[in-house]
Amino acid sequence: MDESAYALLLGWYLGDGHIAKARRGVYVLSISNDPKYPVLNQEIAATMRLVKPTASPCLRNGHAIRIEARWKHWPCLFPQHGPGRKHERKIALEEWQLEIVAKYPEQLLRGLFHSDGCRFVNWASKPASEKRYYYVRYMFSNESEDIRKILTDALDLLGIAWRQPRRNAIAVSRKDAVAVLDGFVGVKG
């Protein structure tokens, strides 16, 4: 298995993915994404093929694109799969997943930020001045405390400064930290 691709797919799965049981013991891994990001949608499909070389991911249109691939072993690769919403149940990485994430934290972060995050220009002003200061910021929002912790652990591995501006969000705002994320996450395209 291509571990780098797996770390990326794990990020996408934790953010916008789910696994459903189909017929004859086969499972469907489905990652949802916005149709306005065709390059990322193709990247997701290519990543699925790297993790499962015989996969033939299909892209289903609608209000969102669903990239799907069938395989009996998706629950083995994503043991976080289970009934209910991810934020309503425990999400913990297995030891073997932690080892892969430790080798490829950039890939995990890319999948997480592109699924449940954004990069935008924020502004601030000083109380005594009317002048606005503009700066680039990454924001990740997810209701699962466990998934937010997986993200912050990966940021910590890379020494990327972050803060939690609200209960369900993680922000990366320092110029040097944003520059590091720009190197492997970048703008959605």
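The largest share of the lining of the largest pocket, 6 residues, comes from α6. Helices and strands here are DSSP runs (H or I of at least four residues for helices, E of at least two for strands), numbered from the N terminus. This is a predicted model, in which local features need pLDDT of at least 70 and side-chain atom pairs count only at pLDDT 80 or more, while totals for chains, interfaces and linings use all residues. Residues are numbered from 1 along each chain as its sequence is written, and side-chain values use heavy atoms, with hydrogens and water left out.

The pocket holds about 190 Å³ of space. Its lining includes K90, L93, L98, V101, D146, K149, D153 and L157, and both α4 (95-103) and α6 (145-157) supply at least two of the lining residues. A pocket is an open set of points on a 1 Å grid over the protein atoms alone, where a 1.4 Å probe fits and protein lies on both sides within 12 Å along at least five of seven lines; lining residues have an atom within 4 Å of a point. The volume is the space filled by probe spheres set on the points, which are joined across faces, edges and corners.

α6 also belongs to the surroundings of a sheet. Four strands, in the order β5-β6-β8-β7, make up this open sheet with antiparallel pairing, where two strands pair if DSSP finds at least two bridges between them. β5 (117-125) and β7 (163-166) are the edge strands with a single partner each, so one side of each has no neighbour in the sheet. From one strand to the next the twist averages 45°; axes are lines fitted to C-alpha atoms, for helices over the stretch in contact, and angles run from 0 to 180 degrees between N-to-C directions. β7 is joined to β8 (residues 169-172) by 2 bridges, the strands running antiparallel, and R163 stands opposite A171 in β8. α5 packs on this sheet, touching β5, β6 (132-141) and β8, at about 105° to the direction of β6. α6 touches β6, β7 and β8, and its direction makes about 20° with that of β8. Contact here means heavy atoms within 4.5 Å.

Another open sheet has 4 strands in the order β1-β2-β4-β3, with antiparallel pairing. Its edge strands, β1 (17-21) and β3 (58-60), each pair on one side only, and the twist averages 30° from one strand to the next. β1 and β2 (residues 27-33) are joined by 5 bridges, with G17 opposite I31 and K21 opposite Y27. The two strands form a hairpin with 5 residues between them, and R24 in the turn has a positive phi of about 55°. On to β4, β2 pairs over 7 bridges, with I31 opposite I67. β2 is mostly covered, with 6 of its 7 residues buried; buried means under 20% relative accessible area, using a 1.4 Å probe and protein chains only.

Two helices lie across these strands. α1 (residues 3-16) crosses β1 and β2 at about 80° to β2, whereas α2 (residues 38-51) lies across β2, β3 and β4 (65-71) at about 5° to β4. The buried residues of α2 include L40, I44, M48 and V51, and their cover includes α1, β2, β3, β4, α3 (74-77) and α5 (105-116).

Terms used
Buried < 20%, exposed > 50% of the residue type's maximum accessible area, 1.4 Å probe, protein only.
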